[in-house]
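Student: Could we go through this structure together? I should like to begin with its charges.
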Amino acid sequence: MRLVLLGPPGAGKGTQAELLRDALGIPHVSTGDLFRQNIGEGTELGLEAKKYMDAGDLVPSEVTVNMVRSRLAEPDAVNGFILDGFPRTTDQADSLEKILAEEQQTLNAVVSLEVDEDVVVKRMLARGRADDTEDVIRNRMQVYLAETAPLIAYYGDRIRTVDAIGDIDEVHQRILRAVSA
Ligand code: AMP
């Protein structure tokens with residue numbers, strides 16, 4: 001199963017992706033986690049990404065797409081993956097289609113997690129990540145609306161909408177139902 005999870009920052013994509021990884025036995029590929037791992041290891045990619053992440057801006061697509069391309073080429077991702085935080089722009093979505101087409105692959109489903117803004121801002125302030133200060137959260141929301149929300153129209157009828165408000169396990173069951181329908 002090749003799956004993309006869409007949703008605003010704080011919608012619970014990371015949490016739900018981990019539950020899906022365990023339920024479906026396919027890797028969770030989070031571009032945010034890959035960047036944070038690079039920052040932790042002090043790599044050049046990490047140093048470059050950090051400037052953008054600290055401000056809540058998008059890391060340039062070329063860097064991001066190359067990182068995703070190599071991650072998806074790893075053996076554990078050959079039979080499927082859950083993408084979390086990628087694509088974040090329609091250009092990145094085009095790049096993803098190309099990466100998959102090179103391997104005669106396509107996405108099986110695009111899940112859109114629906115939450116309202118009050119809920120996500122509260123969740124993000126509670127998780128206390130380095131880029132979770134109020135100003136940076138506000139900027140990430142604006143970037144989401146301008147750059148990422150257009151993906152809903154881009155994927156059109158490939159989108160499966162899931163109500164992401166409620167108990168973590170209940171939301172997980174809704175996603176499983178949505179992807180198996
Ligand atoms: P996340 O963990 O998905 O909330 O991502 C944290 C930060 O990493 C974002 O605010 C961006 O700065 C950067 N980032 C993650 N994924 C992408 C992406 N697909 N394109 C550009 N920047 C990204």
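Student: How many positive and negative side chains does the protein chain have, and how far apart are the centres of the two sets?
Tutor: The protein chain carries 20 positive and 31 negative side chains, with the centres of the two sets 2 Å apart. Lys and Arg count as positive and Asp and Glu as negative, leaving out His and the chain ends; each charge is placed at NZ of Lys, CZ of Arg, CG of Asp or CD of Glu.

Student: What kind of model is this?
Tutor: This is a predicted model, in which local features need pLDDT of at least 70 and side-chain atom pairs count only at pLDDT 80 or more, while totals for chains, interfaces and linings use all residues. Residues are numbered from 1 along each chain as its sequence is written, and side-chain values use heavy atoms, without hydrogens and water.

Student: Turning to the interior, which residues touch the most other members of the largest nonpolar core?
Tutor: They are Leu96, Leu107 and Tyr155, in a core of 24 residues. Such a core is a set of buried Ala, Val, Leu, Ile, Met, Phe, Trp, Tyr and Cys residues joined through side-chain atoms within 4.5 Å, where buried means under 20% relative accessible area with a 1.4 Å probe, protein chains only.

Student: And what is leucine 96 in contact with?
Tutor: Beyond neighbours within four places in sequence, leucine 96 is in contact (heavy atoms within 4.5 Å) with Val4, Leu72, Leu83, Phe86, Pro87, Leu107 and Tyr155. Another core, of 21 residues, lies apart from the largest one and includes Ile26 and Met124.

Student: How much of the chain is buried overall?
Tutor: Of its 181 residues, 44% count as buried.

Technical notes. Buried means under 20% relative accessible area, exposed over 50%, partly exposed in between (1.4 Å probe, protein chains only).
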